[in-house]
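Q: I'm new to this one and not sure where to begin. Could you walk me through reading it, feature by feature?

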Amino acid sequence: MSVVTRARPTGTSAEASGARRPASVRRRGTAREAKRASANALWGVVSIIVFVCSVFPVYWMLNTSFKPNADVISPTPQWWPENFTLRNYVTVLFEPARPDRANFGSSFMVSLAVTGLTLLICLVFAFIGAIAVSRFKFRGRRQYIIALLVIQMIPGEALMFTIFGMVDSWRLLNTIIGLTIVYLAGVLPFTIWMLRGFVAGVPADLEEAAMIDGCTRTQAFWKVTFPLLAPGLISTGVFAFIQAWNEFLMALIIMQSPGSYTLPIWLRAFQQATQATNWAAIMAGSTLLALPVVIFFLFVQGRMTGGLVSGAVKG
Amino acid sequence: MTTTVSEARAEQPTPHRPRTRSRRKRLTPWMMLAPATVVLLVMTGYPLVKMAINSFQKYGKAQIFGAPPEWIGLKNYLGTLADPTFWAVAGRSFTLMAVLVIATMSLGILIALLMMRVNAFFRLLISIGLLLAWAMPPVSSVVVWGWIVDTKYGLLNWVLNAVTGTTDWSGHSWLIDPLSFYAVLTVIITWMSVPFVAFTVYAGLTQVPDEVLEAAQLDGAGAVKRFGFIVLPYLRSILLITAVLQMIWDLRVFTQVYTLQGLGGISSQTDVFGTYIFHLGSSNLGAAGAVSFIMVAMMLLISIYYVSKTVKDEEI
């Protein structure tokens, strides 16, 4: 988006100015350059260490997930899947359903439904809410926004039993609707806040201009402002998706029967059921849980930091 | 682009619109906020009030069998505050938080400074690594780290054996002993939290004007002085906000502790606020309410700075 690019002179400035300087200065200059080069090499090495430290667990997860279990529990670790196999993924994906245990397929469907519903309803509610707080001046607007910020700080961990009791009394335990309602309350404050920023970023003058050109207020909004908000809606949607997809505590207490597990609950149950006998399959399951998040995360990463600092909730 | 258009328009006189302050117009924003407000009132407001009421009531055996809860005033709070378990949990939660915030903030700041110092290639490399760590779902992360520190086949024990040239570490359990349980937990949570701090601080660092830094360098200020007198003041508010957020997130951590307990930790020795409430609730809802209320109060107290700062910055 930025149009300003700093003009760079051809050839490095050090070379150009060095040629015109007396010999003694030039020598000192090269000594400094040599020192600089070795410092650069040092920081390069440090960068690689940082990279390795942050990537290692992800690499180890992938590496393990492609090995036959016999290789996984060998006394010396294999740094590469020498006997590459996809069997762990097949095991996880097509594990037959058992009445006492959840399988990946059904948990995936539950996660998809809850996440999709949360995303959809949240976007609609947050969108109209964000328009209200950023395009209308009304009494209590400021207080409403402050209340949203404060509500975000109330930990779900403290409310879990009363929320459980409510969902139970509505007979919505183990249902997709029940968990979706709980998730909605969790993501709405932040998504309204995040969208508010995007709506405020589109100048209201644009709408007025369109109205001068003959649009009604509603037309002006849908034809001018709405298309400009698309990136904001996508970022907000991806954020809500990641929150709902990763959520653990509420799913743990609301979805108690194995048939209604979401994926994070399934992964934990799967890990406990196979307790250290099939680490390769556990790693495959872990990879499958992470995959959608990693993909979506790449889209919104830049906006996440800014949004989180002024909005604030974390998965 | 957008600014040019709006500026051009601003010069033209805006057409006069009659201001009819009808009741309908005044209600429009509230109608638009209604769906979200209803969800928040029902799912956050009501549970908050109900939890507060629970904390003044007795939930014993009789109540499990349907008797109406008995009003007992502050007894739950007094009981909680007299319970050494609560203080052990509080001590663990706060110590864990302090360690995590210090580790996350200092590593994040150092990595951000490193990103400023290196060329585009290494910066991209670091960003990719941080992004992957950040994007991992909490449960996946804990399970993967649990595999790395696994008692029998874990990589960590193998590496320690290889480094020390012994077999001392074979079968060493990292999660049974509370102290090493917390060491593992600290590594996991720090690993997941550093990217946010690093990216935020890096974004802040790029805002520090080069001219000021160059001028200071010409005046003879070394790297440490330049950081202390120029960069830090610029970053002050970003660092404070990030630290406050980390405090809040680290104090309410649940998923990682609970999942790691499932991998082999002893919950009674490793509970923090979140998991303590979780374990307490099944036996004593009133006491769980009291602890919950204390937790909410602490969170709101810590977030006062964050909320007031945000309100001021965003000019609400």
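A: Happy to. Let's begin with the overall make-up: chain A has 13 helices and 0 strands. Keep in mind as we go that this is a predicted model.

Q: In what order do the elements of chain A run from the N terminus on?

A: Reading along from the N terminus, you get α-α-α-α-α-α-α-α-α-α-α-α-α.

Q: Since it's predicted, how do I judge confidence? What does chain A average in pLDDT?

A: The general idea is that where pLDDT is low, the predicted coordinates should not be read in detail. Chain A averages a pLDDT of 86, and 87% of its residues score at least 70.

Q: Where in chain A is confidence lowest, and where is it highest?

A: The low end is helix H1 (residues 13-20) of chain A, with a mean of 43, while the high end is helix H11 (residues 249-254) of chain A, at 96. Over residues 1-20 of chain A, pLDDT stays under 50, and the model has 4 contacts beyond four places in sequence for that stretch.

Q: How about the inside and the surface? What share of the residues in chain A is buried?

A: Of the 315 residues in chain A, 49% are buried. As for the surface, chain A exposes about 15200 Å², with carbon and sulfur atoms supplying 66% of it.

Q: Which contacts tell me how the chain folds back on itself?

A: Look at how far apart the partners sit in sequence. Among chain A contacts between residues at least 6 apart, 72% join residues at least 24 apart.

Q: Can we try a single residue? Is A:Arg196 buried or exposed?

A: A:Arg196 lies in helix H8 (residues 176-201) of chain A. It counts as buried because its relative accessibility is 9%, and the cut-off for buried is under 20%. Leaving out residues up to four places away in sequence, A:Arg196 touches A:Ala130, A:Val133, A:Ser134 and A:Ile145, plus B:Glu314 and B:Ile316 from chain B.

Q: And cysteines? How many disulfides are there over all chains?

A: The count is 0 over all chains. Two cysteines are still worth a look: A:Cys122 is buried, at a relative accessible area of 0%, whereas A:Cys215 is partly exposed, at 22%.

Q: Last one: how do I spot a helix that isn't straight? Where does H11(B) bend?

A: Compare its span with that of a straight helix. Helix H11 (residues 223-251) of chain B spans only 35 Å between its end C-alpha atoms, where a straight helix of 29 residues would span 42 Å. The bend, about 55°, is at B:Leu232, and a proline, B:Pro233, follows within four residues.

How values were computed. Residues numbered from 1 in each chain as written. Chains lettered and ligands numbered in written order. Predicted model: local features only at pLDDT ≥ 70, side-chain atom pairs only at ≥ 80, totals over all residues. Heavy atoms only, no water. Disulfide = S-S within 2.5 Å. Buried < 20%, exposed > 50% of the residue type's maximum accessible area, 1.4 Å probe, protein only. Helix = DSSP H or I, 4+ residues; strand = E, 2+ residues; numbered from the N terminus. Expected span 1.5 Å × (residues − 1). Bend = angle between axes of the 7 residues up to and from the residue. Contact = heavy atoms within 4.5 Å. Areas by Shrake-Rupley, 256 points an atom, 1.4 Å probe, with all protein chains shown as cover. pLDDT = per-residue confidence, 0-100.
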